[in-house]
Amino acid sequence: MADVWQSAMDHAVAVARKAGEIVRGALKDERTVMTKSCAVDLVTQTDQKVEQLIIQSAKEKFPTHRFIGEESVAAGESCILSDDPTWIIDPIDGTTNFVHAFPFVAVSIGFSINKQVEFGVVYSCLEDKMFTARRGKGAFCNGEALQVSEQADIHQAIVATEFGSSRDPAAMDHIFRSLRNILCLPVHGVRGAGTAAINMCLVASGCVEAYYEIGIHVWDVAAGSLIVSEAGGVLMDVEGGDMDLMSRRIVAANNTTIAERIVKEIVSFTLQRDDAPLQS
Ligand SMILES: O=P(O)(O)O[C@H]1[C@H](O)[C@@H](O)[C@H](O)[C@@H](O)[C@@H]1O
Ligand SMILES: [Mg+2]
Ligand SMILES: [Mg+2]
């Protein structure tokens, strides 16, 4: 049977690599930094340029497909996931890192059908690592198969998380209480690459046992979620149960034992869903 989605995945890999060239080139120039929801929620013209490249090039080849892009949503487009073939794009995941030339910057492209991620592509531009996954066909980094860590003892684990792009005091209190709970289990360490997508690829690569965060968006995690699950990992909501791509919350771990142990320590809170009706 013809594999109708392979040509879309091939295009995603090619355009992610092209986008990586643009990101690396932009690092040599002055970067104009703008802000979105608050003073630490950064965006640059490179974010916008890369998203336009990905969307325009994909539209030419796949005119019936739909698109959810971080910067298009920031400009007012809706963020509704339908059953249609949909590209879920974070043109630069790790924009703050990009602004500071901190060397973890990713292009993240997820692709969903019937609201289920069919393939994921995360290109770590400065490491030149192309992470890919196709549903049911495994996860890879530069063609090498990925496998999550086998560690089941939380006390022998490294956990990744981020502080997010909001400095709302109440949310920060929850974030720090969760961080303290997890650090004091104890775990071997807590790390953060500064990008959800690369944190999830580190889980898929077996470098860290888990990543959790409240505050992410669907475009941060769509591609990485499949890369984790195809590398043998699990996805969960921060309160247990199924991960919901639109909920702004995620636990991605090497196994259920580690995931459930982390869920116990998270002081959770809710945020407006990505697919909430647009404010009029
Ligand atoms: O760099 P972007 O695409 O904005 O995504 C990051 C987000 O800004 C941060 O708030 C999160 O903590 C990171 O996990 C995202 O990767
Ligand atoms: Mg992002
Ligand atoms: Mg981004």
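1. A good place to start is the meeting of the two domains: 39 residues of domain 1 are in contact with 24 residues of domain 2. Please keep in mind throughout that this is a predicted model.

2. For orientation, domain 1 covers 6–145 and domain 2 covers 154–265. Their C-alpha centres lie 20 Å apart.

3. On the area and the polar side of this interface: about 2,200 Å² is buried between domain 1 and domain 2, with carbon and sulfur atoms giving 72% of that area. The rule finds zero salt bridges across the interface, while seven residue pairs are in polar contact, both residues being at pLDDT 80 or more.

4. You may like to look next at which elements of domain 1 take part. Those giving two or more residues to the side that touches domain 2 are helix 3 (70–74), strand 4 (86–93), strand 5 (106–113), strand 6 (116–124) and strand 7 (129–134). Strand 6 supplies the largest share, seven residues. By residue class, this side of domain 1 divides into 20 nonpolar, ten polar and nine charged.

5. One residue of strand 4 deserves its own point: Trp 87. Is Trp 87 buried or exposed? Trp 87 counts as buried because its relative accessibility is 0%, and the cut-off for buried is under 20%.

6. The surroundings of Trp 87 are worth a look too. Beyond its neighbours within four places in sequence, its contacts include Ala 8, Phe 62, Ile 68, Ile 109 and Phe 111. The side chain of Trp 87 also makes a polar contact with the side chain of His 65, at 2.9 Å. Gly 69 is 18 residues away along the chain, and its C-alpha atom is separated from that of Trp 87 by 7.8 Å.

How values were computed
Residues are numbered from 1 along each chain as its sequence is written. Chains are lettered from A and ligands numbered from 1 in the order in which they are written. This is a predicted model: local features need pLDDT of at least 70, side-chain atom pairs count only at pLDDT 80 or more; totals for chains, interfaces and linings use all residues. Side-chain values use heavy atoms; hydrogens and water are left out. Domain bounds come from an automatic or database domain assignment. Contact means heavy atoms within 4.5 Å. Buried area is the accessible area (1.4 Å probe) that two parts lose on being put together, summed over both. A salt bridge is a side-chain nitrogen of Lys or Arg within 4 Å of a carboxyl oxygen of Asp or Glu. A polar contact is a pair of N or O atoms within 3.5 Å; within protein, one must be able to donate a hydrogen and the other to accept it, and residues adjacent in sequence count only if both atoms are side-chain atoms. Helices (H or I, at least four residues) and strands (E, at least two) are DSSP runs, numbered from the N terminus. Ala, Val, Leu, Ile, Met, Phe, Trp, Tyr, Cys and Pro count as nonpolar, Asp, Glu, Lys and Arg as charged, and the others, Gly among them, as polar. Buried means under 20% relative accessible area, exposed over 50%, partly exposed in between (1.4 Å probe, protein chains only).
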